[in-house]
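Please open the structure in your viewer and keep the sequence panel beside it, so that each selection can be followed in both. The tour goes from one selection to the next and says at each stop what is there.

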Amino acid sequence: MDKSIRRIIVCLDGSLHGDLLGRQAAALARRLGVGLTGLRGLHRPFPSPPETFARGAEAIHEVLEHQADREQALVSAARQAFDALVQPYGVEAEFRPAWDDDPDAGEFATTGDLIVVGHPRLPGLSEALSADRLLLRAARPILIIPAAWTGAIGGRVLIGCNGSMAARQAVDDALPLMAADALAIVLVVDQAARPDATAELTALLEAVGVRATVKSMESGAAAVAETIIEAAEDFTADLVVVGGYSRSPTAEKWFGGVTRSLLATAPRPLLLSHVPDDVRRAIAADRDAGPAVHGPRPTFR
C-alpha cells in the first residue's frame with residue numbers, strides 16, 4: 001500500500017455511468033489497498049402541492065416528518081445500492097450522501113487523498129462536485145475517467161511538463177497509480193520546460209521502475225491542450241498527468257487555457273493536481289530567502 005493515498009473518494013450518482021465509475025474506483029482501491037468513500041449525489045425531494053398549503057404547527061410538523069422520512073428512505077436505498085456495487089471488490093468502503101441543494105457538498109471531498117469523478121459530470125451531481133470546483137477547492141488530485149473508458153489505468157502514462165510546481169506535484173500524485181512496469185512520456189510543448197526540469201522528472205520516474213522518455217512538440221496553429229491530446233492518442237495513453245491551473249484560474253477563464261480545455265474534453269483518464277496560490281507564494285518566498293531550507297521537496301497538500 002502506498003501511504004500517499006489512504007482513501008479514495010468517488011463522486012457518483014445512480015446512473016449507469018455512475019455505477020461504472022463506482023466499480024472503477026473500487027477496483028483502483030483494491031489495487032492500491034486503500035479505503036473507498038462513495039459521495040453519492042441525491043436530489044432533495046420537494047413537498048407535494050397539498051403539503052405546501054399546510055397551516056398550523058401540527059400540520060407543518062407532519063409535513064416535516066414526512067419529508068424527513070422520504071429523505072431517509074432515499075439515503076437508505078442509495079447506501080444499499082453502493083454497498084452492493086463495491087461488495088465484490090472486498091474493499092473497506094463507506095457511504096456519504098451529497099444533496100443537490102448543499103453548497104458545501106464538495107467540502108467532504110477534502111477528507112480523501114484522491115478524488116475520482118466522471119466525464120462528463122454525472123447528471124445526479126451538483127455543480128459543487130464538478131471536477132473544476134473540486135480541483136480548486138479540495139487541493140487534492142482529481143482523477144477524471146471518461147464515460148466510455150473501460151480499460152486499465154496507469155500502464156502508459158503521458159505527462160505534460162511545463163516546469164511548474166503544479167506539474168511536478170501532479171507527477172508525485174500520479175506515482176501510486178502507475179503500474180510497476182509502466183511506460184511514460186514526459187511531454188514538453190513549445191519548449192515550456194527547461195532540460196533540467198525534464199531530467200528531474202525522468203530520474204524520479206526511473207527510480208520507481210517507470211521507463212520514461214522525453215518528447216518535445218510544437219503546437220503550431222493548434223492549442224497546447226490539443227497537442228497534448230494528440231500526443232496521448234498517438235501513445236495510446238491510459239493516463240494523462242497534468243498540473244491544473246499552473247497559472248491563474250481567472251486568467252484561464254478569461255483567455256482560455258490548458259486546464260479548462262482538458263476538463264472540457266477529457267478523452268482519456270486524466271489526473272490533475274493544483275497548487276494553491278498561497279502555497280506557491282510561500283515556497284517562492286522560501287526560495288528567495290536563500291539556501292536555509294533543506295530536506296526533501298514538500299508535497300503541496
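Begin by selecting helix α6, residues 224-235, which gives the most to the lining of the largest cavity, with 4 residues. As you do so, bear in mind that this is a predicted model.

Next, extend the selection to the whole lining, which consists of Ile228, Ile229, Ala232, Glu233, Val240, Leu262, Pro267, Arg268 and Leu270. The space that these residues line has a volume of about 70 Å³, and a search of the whole structure finds 2 cavities of 30 Å³ or more. If you colour the lining by residue class, you should find 7 nonpolar and 2 charged residues, with no polar ones.

Now move to Phe235, which also lies in helix α6. Is this residue buried or exposed? Phe235 counts as buried, because its relative accessibility is 11%, and the cut-off for that class is under 20%.

With Phe235 still selected, show its surroundings but leave out the neighbours within four places in sequence; the residues in contact with Phe235 are then Arg156, Val157, Leu158, Leu183, Ala184 and Ile185. Of these contacts, Arg156 is worth a distance label: its C-alpha atom is separated from that of Phe235 by 7.7 Å, although the two residues are 79 residues apart along the chain.

For the next stop, select helix α1, residues 16-32, and draw a line from its first C-alpha to its last. The helix has 17 residues and reaches 25 Å, which is close to the 24 Å expected at 1.5 Å a residue. Within α1, show the side chains of the buried residues where there are any to show: the buried set is made up of His17, Gly18, Leu21, Gly22, Gln24, Ala25, Ala26, Leu28, Ala29 and Leu32. Then step on to Gly33, which follows α1 and has a positive phi, near 70°.

Finally, clear the selections and look at the protein as a whole, where 9 helices and 10 strands can be displayed as a cartoon. Buried residues make up 50% of its 301 residues. If you switch to a surface view, the accessible surface comes to about 14,600 Å², and 56% of that area belongs to carbon and sulfur atoms. A contact map makes a useful last panel: among contacts with a separation of 6 or more, residues 24 or more positions apart account for 81%.

Key:
Residues numbered from 1 in each chain as written. Predicted model: local features only at pLDDT ≥ 70, side-chain atom pairs only at ≥ 80, totals over all residues. Heavy atoms only, no water. Helix = DSSP H or I, 4+ residues; strand = E, 2+ residues; numbered from the N terminus. Buried < 20%, exposed > 50% of the residue type's maximum accessible area, 1.4 Å probe, protein only. Contact = heavy atoms within 4.5 Å. Areas by Shrake-Rupley, 256 points an atom, 1.4 Å probe, with all protein chains shown as cover. 1 Å grid on protein atoms, 1.4 Å probe; cavity = no way out; pocket = protein on both sides within 12 Å on 5 of 7 lines; lining within 4 Å. Points joined across faces, edges and corners; volume = space filled by probe spheres on them. Nonpolar A, V, L, I, M, F, W, Y, C, P; charged D, E, K, R; others polar. Expected span 1.5 Å × (residues − 1).
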